[in-house]
Amino acid sequence: MNWLKRRDNQIIAVIAVLMGILFVRLFVLTVLEHEKWTIAADNNDMRTIYTMAPRGEIFDRYGRLLAGNLPSFTVQFSRGNMGDRDLNASAAKIIEILEGNGERYTDNLPIIYEGGVFEYVYQREIDEWLAAQGMPAGFSAEQAFDEIRRRNNISEELDQYSAQIELHTVYGIMPPISVRNMVYTKDIEKDGFLGRYKLSKDTPAIDAFIAIRSFYGIDDSLSAEDARKIMTLRHELSLLGYRQFVPASIATNISDNTVVQIEEMGNALKGISVVTESIRYYPNDSSASHVLGYMGKISESQKERYVDELGYRPTDLIGQDGIEKSMEEAMKGKDGIKEVQVNSRGELVSVISEEVAEKGKDIYLTIDIEFQKKVEGILSKGLKALQEGVAFESEWGSYKYREAQPNANVGCVVVLDVRNGEPLAIANEPGFDPNQFSTGISNEAWNALQSQNPRDLLAPLPLYNVAARTAVQPGSTFKMITAIAALESGLDPKTRLYDGGRVRFGNRYYNCLLYTTNGGSHGNVDLYKALEVSCNYYFYDIATGMDYAKNRPLSYHGNINIDKITSYARQFGLGMETGIELTETAMGVPTAETKVALQKALLQRHLLDNAEEYFIPSVISDKELLMKNIKEIVGWTEENPSRGTLIERLGGVGIKEELISRVADTCKSTYYNFAQWTTGDELNISIGQGENAYTPIQMANYIATLGNGGYRNNVSLIRAMEGEGLIEKKPAVKVELSDDKYLEDVIEGMKRVVNGSSGSLRSAFAGFPAPVAAKTGTAQKSGKIQPPDEVEYIKEHLKGIDPSLEWEGVEAEMNRLLTLYPHIYTSESRAVRKAVMNLTSYSVGQIETRIDQYKDSYKPFAWVVALAPADDPHIAVAVLIFQGDTSLNAAPIAKEVIAEYLELGKQYEDFSLETRTE
């Protein structure tokens, strides 16, 4: 054994022993214990199964389902520890199954391949949006945003963030623009998409496709179409980021046949699983759609909150509007996670661990869905009859509309419980079916829900909640506020004041409607009669404490002014957020500051619209200098300099020398002088005109406050919540009144509107079996209804506008303006109008009239507000019709709604909400 003494032989011996041990162990494992370890190998595939928690359901006040969940089979794809080869094979196989069975699967890959051409969807969507807005292709986000601001007279005093909020909440306009960086949101999404694959922002679509295909290791032999299909599923997995065991939902609501096929393939579909989830279901279709809202994908701007902070999956759907949005976190629930072991056939071997999904909380609303449906039907019926100019048929008395109003296609009805402010019905026309959003809405369906004419500010917007977000002048429905302020100042409601027809201040007259109509007068009227006949002149008197007919002050014991009137408007909730769990508009009450801001916005728009005419070439060619000079002129509004001072200044800001006097006169007489708070403003505001702007929900709550003894309730749609029972309401706020009898005085006047000998609603409510207190209001809407395409409009009517002009010349001038001054002429619509004005021999005033002669004028808003029953009010009703022409046209709708409530209000009393929500 001497050979073991050598070091190298010792090493050889050790190796030999170890090899022998290894050989013996290998023999044991592969021969003696073969069956044992084969079974173990078959059983060592681990899977993580995620179960989405059922969303909390929504019920009406009587427990009837409004938004529920339907069971659905969902295909999930998880990458786990698989490599590209296995992932791509599973993706190709599951797509083959899904397509073979006609199933829809998720396709969010933003590179499309059509006709042999690769293209990003982002730019296509931007171009489509610009075209729909009548803006040139290639417009920057900043240019587009500025144009939208100008169209809607958004004050330049507002920064870009505040302007965006006003566009969204007041006008229902959501431009796809990030104002933080002033870029299109689609460009941000594109940058994020390319950044995910470490590609530069300017990578062409075809190069991005090739790079991503290579990144995922997709077989070069596959066609571009087949490769893209695999890429769509791989892209869904990439959206989950670092969470490799979190699955992506790639197909929802699949058929039983598809489920069977997937299950039969077992482990051949690695990473693929079928789970039972729920999809949102709205059994009443479009009923209460603006109350309920809708579901939608988490946007880029929402990911920080929902994905990063709250742990949502990037592919989850969340509430995007209505109760679905405001109660999102309560209804979300907690998703379930199950760790399981399966064999090679995909069969369950054991459950390692499990966290059961926890359903979200159920919500019970205050609305009565059966009453809601009735109200929606009444509103739809009334608008249709008004559009056609036919009778509104009713068992309570038919009403014949005097004239067809074809543009009266938008309206709303709000019904509140006077006693507690609970909404019983909120109906908007048009509406939408939230079921379209349950599994993700298509682009085609989404576009169908947008305005078909963005240039028409009153065009129907199905997704827009008119009741909560449209703030317009209330017209004469505001007069009860003025009356309350006057009564508090010492007005005797029985004092009769003479209606002198009109009041003059400066060069302007403020008329009573009867005087405007036929030069007549209401004669001597007291408060009750003034409300009955809606006498403007009487309210001019009491709002200023002056008997204008006799030119002497009224015997008030306290002062009255605009501040006192608007103070009571606030106390009754006008211009203020109501507390409702919906996105709502609150414009505040009129102030001197808001009037100045409005005049500034109008002046800036006027100067920009006429920049080429007013300013010297060196100014209009420089966007920054032009805007600086315009803002300087606008900035003189509060100062209101003398004409001489203004003329001196205008030469220094680039106004053409020959136009300085004209521009000075325009600025001073049309804008500066009207920016100051005057007695005329007080008169307008006292009758609900001027800068008053309130939503139908605010109006209904104001009327409810009149009817319940002066207690302004917080308006809330949430009546109860699972696990919490009935929700405790915020305490009502008492209006500051020295004598509650003042409320009785104004309600008495409202009663006479319905049953008085000259009441404006006497004929509409004739024979109605229940006492009603109401008030009508007509609010003017100035301007013309713009056609979808101004270029086509002018091309069609050019010979009628100016027979001397030829379209070729107008088109050439339009293109010149768009090329030279894109910062001024931000759309073809603006440029073509200016082109005609530049080429015509007519004066500015004449050609503006001739251009618009073929366009319809906007008709007034029609309001009716009511309390019923008048002697013991249970409900407050507010009806608003866009372009309703006259307030009387809203009356049949209000009457029918009241009748339906009186019939349905006592049903379902046996339902125990407390039991259901414990």
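**Stop 1: the open sheet**

Start by selecting strands β18, β17, β31, β30 and β29, in that order: together they make an open sheet of five strands with antiparallel pairing. Keep in mind as you look around that this is a predicted model. Which strands sit at the edges of the sheet? Colour residues 423–429 and 773–779 to find out: these are β18 and β29, and each of them pairs on one side only. Now compare the directions of neighbouring strands, ignoring which way they point: on average they are turned by 10° against each other. If you're wondering what links strands like these, strands of a sheet pair through backbone hydrogen bonds, either parallel or antiparallel.

**Stop 2: one strand pair up close**

Zoom in on residues 861–868, which form β30, and residues 875–881, which form β31. How many bridges join β30 and β31? There are seven, and the two strands run in the antiparallel sense. To see one pairing for yourself, click A862 and then look over at β31, where its bridge partner is I881.

**Stop 3: a helix across the sheet**

Next, show helix α31, residues 741–755. This helix lies across β29 and β30, and it runs at about 80° to β29.

Now add helix α30, residues 696–707. The two helices pack at an angle of about 115°, and their axes are 9 Å apart. Turn on side chains to see who does the touching: I703, L706 and G707 from α30 meet L743, V746, I747 and M750 from α31. Sorted by class, that contact has six nonpolar residues, one polar residue and no charged ones.

**Stop 4: a serine at the end of a helix**

Jump to helix α18, residues 479–489, and pick S489. Is S489 buried or exposed? S489 counts as buried because its relative accessible area is 0%, and the cut-off for buried is under 20%. Its side chain reaches the backbone oxygen of A485 at 2.9 Å. Leaving out residues up to four places away in sequence, S489 touches Y556, H557, G558, N559, I560 and K564.

**Stop 5: how far to trust the picture**

Finally, colour the protein chain by pLDDT. Its mean is 87, and 92% of the residues reach 70 or more. Where is confidence lowest, and where is it highest? The low point is helix α37, residues 913–917, with a mean of 44, while α30 from Stop 3 is at the top with 98. Select residues 904–918 too: pLDDT stays under 50 all along this stretch, for which the model has 32 contacts beyond four places in sequence.

How values were computed:
Residues are numbered from 1 along each chain as its sequence is written. Side-chain values use heavy atoms; hydrogens and water are left out. Axes are lines fitted to C-alpha atoms, for helices over the stretch in contact, and angles run from 0 to 180 degrees between N-to-C directions. Helices (H or I, at least four residues) and strands (E, at least two) are DSSP runs, numbered from the N terminus. Contact means heavy atoms within 4.5 Å. Ala, Val, Leu, Ile, Met, Phe, Trp, Tyr, Cys and Pro count as nonpolar, Asp, Glu, Lys and Arg as charged, and the others, Gly among them, as polar. pLDDT is the predictor's confidence in each residue, from 0 to 100. Buried means under 20% relative accessible area, exposed over 50%, partly exposed in between (1.4 Å probe, protein chains only). A polar contact is a pair of N or O atoms within 3.5 Å; within protein, one must be able to donate a hydrogen and the other to accept it, and residues adjacent in sequence count only if both atoms are side-chain atoms. Two strands pair if DSSP finds at least two bridges between them.
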